[in-house]
There are 2 protein chains.
Amino acid sequence: MDVYISGVGMTKFGKSKDPLQKMMANAASIALREAQLERVDAIYIGVMNVEEFVGDSNFATLLADTIGLTGIPSTRIETASSTGAGAFETGLYAVASGHMKNVLVLAGEKMTHLPTAKTTRILSEVIDRSERRYGATMPALAAMVVQRYAQEFKISHQKLVDILAQIAMKNHSNGSLNPYAQFRKIISKDDYLKSQMISFPLRLYDCAPVTDGAAAIVLTSNPTPVKVSGIGHATDTSAVRHRASLTSFNSTKEAALKAYGMAQLNPSDIHFAEVHDAFTPFEVIGTEDLGFFPSGKGWVALEDGTTQLKGKLPINPSGGLKSRGHPVGASGLAQLVEIVWQLRGEAGEGRQIERAEIGLAQSIGGLGNNNFVTILERSDRKRLMKEGWKLNYHPEITVSPKPIASPPSEGIGTLETFTTLYSPPEGFLSPLTLGFVQTNWGERVMACNPDYRSPKRLKIGKQVNLRLREGLYVFEKQPPWTRLKHWIKSLA
Amino acid sequence: MDVYISGVGMTKFGKSKDPLQKMMANAASIALREAQLERVDAIYIGVMNVEEFVGDSNFATLLADTIGLTGIPSTRIETASSTGAGAFETGLYAVASGHMKNVLVLAGEKMTHLPTAKTTRILSEVIDRSERRYGATMPALAAMVVQRYAQEFKISHQKLVDILAQIAMKNHSNGSLNPYAQFRKIISKDDYLKSQMISFPLRLYDCAPVTDGAAAIVLTSNPTPVKVSGIGHATDTSAVRHRASLTSFNSTKEAALKAYGMAQLNPSDIHFAEVHDAFTPFEVIGTEDLGFFPSGKGWVALEDGTTQLKGKLPINPSGGLKSRGHPVGASGLAQLVEIVWQLRGEAGEGRQIERAEIGLAQSIGGLGNNNFVTILERSDRKRLMKEGWKLNYHPEITVSPKPIASPPSEGIGTLETFTTLYSPPEGFLSPLTLGFVQTNWGERVMACNPDYRSPKRLKIGKQVNLRLREGLYVFEKQPPWTRLKHWIKSLA
């Protein structure tokens with residue numbers, strides 16, 4: 001059964017004085033008014049961690065009651081930072097099942113009222129426990145991904161800084177045209193370079209902000225001008241170190257495969273996309289994972305203007321998570337609201353994309369392990385004969401190696417990537433240097449080094465010594481005799 | 001599209017040393033083995049508050065990875081204490097939509113490792129914030145419901161104690177036959193009477209325990225011996241005081257209406273049921289709300305043996321939440337596992353119900369505001385012609401009055417119900433007396449009375465004075481001149 005969108009709504013993202021349920025009720029009432037509905041058959045509520053952010057549980061019930069829909073079935077959905085997309089998927093299947101005619105999908109988060117240390121702790125709980133123990137935060141893991149990306153694709157540090165700054169500048173520029181965005185100011189490369197280093201090489205302007213906000217969409221089985229044409233959802237290993245590739249996300253690729261297949265569309269058919277840029281490098285990796293550009297070449301499209309608002313394939317016309325803001329539970333749904341506005345030609349002067357008939361949203365949950373790809377299109381778009389359709393998207397899905405049950409407590413390895421984190425979680429000294437080390441026992445481990453205080457002294461690809469200290473691997477510069485010792489040991 | 005059950009699994013409920021993901025993985029592997037599946041198309045994870053109970057977020061991803069299904073779409077569902085049923089409903093619609101052929105529904109909670117005060121706080125977060133501020137806990141609200149029930153249906157305190165004891169005894173007796181139950185000991189009325197008073201009149205043996213446990217069900221579009229014939233889901237006001245009726249749950253009735261309608265079955269067609277007995281009186285109220293017995297008469301069926309294991313309509317053959325245990329996120333799914341076992345004739349000697357072709361489960365989220373009714377049946381059961389079918393269940397759905405925007409800071413009212421809570425949340429003095437007062441301005445409010453230390457001195461139906469102190473209503477015995485004062489005021 002085909003599913004359509006009959007209403008969308010959003011609050012202005014940013015710092016809000018309203019309680020979360022009021023923000024979400026506001027978004028819901030806009031969407032319901034657009035859909036010309038007073039009631040729906042079910043409500044799907046996306047909130048990531050309402051228990052710790054605002055101290056409420058049983059939130060789906062509270063919301064149904066707050067928006068005046070007491071009695072209506074209401075279910076809370078969560079898939080980490082892709083929660084809004086998860087709620088959308090769940091609502092979509094409920095309508096597609098024929099059991100519901102109209103459902104309200106409602107997503108939000110309230111984050112700005114808490115002290116930064118608490119927010120960081122809450123956000124870090126999405127990280128695998130074993131990696132969290134090292135003090136890894138989301139920016140630290142993202143920084144290690146981008147460091148590896150630059151190494152693998154031979155991008156100099158200087159060039160990398162330039163690419164990241166350009167993404168931030170593009171998304172701030174787009175966001176300046178979006179009345180719903182948290183940040184509406186254009187930034188210069190100088191502003192970017194002056195912004196605080198969070199986790200080398202990522203600066204404050206590489207990271208999506210802490211935001212309050214809510215978004216709503218009404219899904220229906222009655223034809224409307226906007227149709228859901230495809231959706232895909234996939235997970236990946238909980239621990240980042242357990243993945244074969246650090247420079248792309250399997251979960252995006254698998255989700256995209258399903259979404260393109262269901263929509264019978266190819267990457268080249270997409271007119272514009274909202275891509276989960278919680279960290280600037282994720283926008284580049286996302287556009288590669290989605291098949292828009294070859295691996296390691298996404299940044300070229302940024303430089304040549306392809307992904308600019310007036311380019312051939314605008315990416316994040318809304319300003320993205322970077323500039324619209326990132327209320328973690330809401331972002332996945334806010335992306336889809338932007339796509340609906342663009343498809344309907346309602347994005348407003350300056351921001352409206354000229355050719356907007358098919359839009360795609362990609363949402364990342366956790367550190368790339370619960371991802372969604374959703375494709376919406378105008379219902380009046382003329383489709384080619386389905387008979388002749390062939391999927392020409394064939395991403396490389398890497399197979400994650402099995403972790404080793406009892407890894408040794410010391411050994412040698414190669415430093416695959418690293419970061420120096422300047423705002424580690426409570427209980428960790430700053431700066432905190434973390435790395436991924438490919439060990440001589442065939443496994444990748446996370447390791448820390450309390451002695452490296454500056455990222456300048458480290459180099460990816462170097463041999464390091466590893467030893468277990470209080471249950472954590474510590475990596476150290478290798479004295480010259482170490483490799484010989486291990487070589488002799490391996491002969492024995 | 002019809003949806004069937006191809007596998008079920010459960011861990012023994014109780015106190016477990018395993019981490020939550022291991023318990024859930026164990027339940028999943030049993031269900032997948034039964035279903036003869038190595039992979040599924042999606043996973044639906046039911047956990048109520050994994051953020052605060054175990055300190056993890058992004059749990060759906062962690063679970064997919066833990067059970068060896070890395071990559072598979074995995075979504076977390078939550079509807080407070082009915083979460084397991086919520087995950088089942090979501091999985092059901094995913095299969096019914098035709099987008100999924102086989103899905104794994106997996107629910108669990110780990111609770112026993114925390115100190116009681118923290119567990120109480122976490123569980124209380126499902127209560128409306130305005131009622132939580134008074135120190136209301138789940139047992140306190142349940143106690144106020146049963147006190148009102150006894151008053152409305154003219155049941156003496158002595159009789160009430162006897163009824164509650166009988167429910168506890170029946171469910172412990174059933175649980176003694178269930179190898180998966182937390183408590184496998186029969187209890188006597190004397191044991192019941194000796195158990196600690198939690199919130200007058202509810203004793204420890206009226207309350208489901210704190211439990212670790214997990215349950216799993218595989219849903220499929222391929223016919224199997226057990227079919228899902230109906231499901232219903234409904235919410236109610238977040239605040240208990242905003243409901244017209246305190247002695248039944250609209251949300252159960254509305255959910256039952258939908259479930260019976262979808263299954264084309266009547267209450268009299270049901271052979272046995274699992275009813276959410278988080279508190280013993282909820283079993284009686286549940287059987288009335290489900291249309292098995294008239295309002296106020298559910299306890300008669302208990303006394304005459306109807307709801308006993310060998311009776312005409314066995315209720316909670318598993319031992320219920322009371323005796324099987326209540327890992328909050330898992331209970332709604334564990335009920336359905338029991339129903340599948342009974343339908344398949346696999347419940348084991350002593351516990352197996354003779355005529356078990358249609359079973360019903362009712363699950364309560366929060367204090368009766370996110371409820372589910374699910375009906376399963378044997379696929380080989382002969383059905384009557386659908387043409388002639390007529391629903392003969394017509395429950396009274398009460399309409400909740402709108403709360404008043406700016407209620408006065410003092411007035412008079414009638415004490416509708418009360419409890420004395422002996423284990424209030426941290427920060428409150430014990431004992432804590434709470435009540436619902438029907439005010440002279442036409443609204444029901446929650447109120448506390450720090451002076452009443454014993455429930456014996458209070459009586460439902462008495463006039464009380466109300467005044468606001470530090471934002472909370474306090475009720476007090478009425479001096480004789482008060483009503484006159486208010487009467488004169490109302491003339492002015």
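Trainee: So copies are superposed by least squares on the C-alpha atoms of residues with pLDDT of at least 70 in both; what turn and shift lay chain B on chain A here?

Mentor: This is a predicted model, in which local features need pLDDT of at least 70, side-chain atom pairs count only at pLDDT 80 or more, and totals for chains, interfaces and linings use all residues. Residues are numbered from 1 along each chain as its sequence is written, chains are lettered from A and ligands numbered from 1 in the order written, and side-chain values use heavy atoms, leaving out hydrogens and water. A turn of 180° with a shift of 0.0 Å along the axis lays chain B on chain A, at an RMSD of 0.0 Å. That is the relation of a two-fold axis.

Trainee: Which residue of chain B comes closest to that axis?

Mentor: That is B:Ser97, whose C-alpha lies 1.8 Å from the rotation axis.

Trainee: New topic: how many residues does each chain bring to the contact?

Mentor: Counting contact as heavy atoms within 4.5 Å, chain B brings 53 residues and chain A brings 52.

Trainee: And how many salt bridges cross the interface?

Mentor: The rule, a side-chain nitrogen of Lys or Arg within 4 Å of a carboxyl oxygen of Asp or Glu, finds 6 between chain B and chain A. One of them joins the side chains of A:Glu78 and B:Arg76, at 2.8 Å from N to O.

Trainee: What is the bridge partner of A:Glu78 in S3(B)?

Mentor: The partner is B:Arg76. Strands are DSSP runs (E, at least two residues), numbered from the N terminus, and strand S3 (residues 74-78) of chain A runs antiparallel to S3(B), joined by 3 bridges.

Conventions:
Least-squares fit on C-alpha atoms with pLDDT ≥ 70 in both. Pairing = 2+ DSSP bridges. Helix = DSSP H or I, 4+ residues; strand = E, 2+ residues; numbered from the N terminus.
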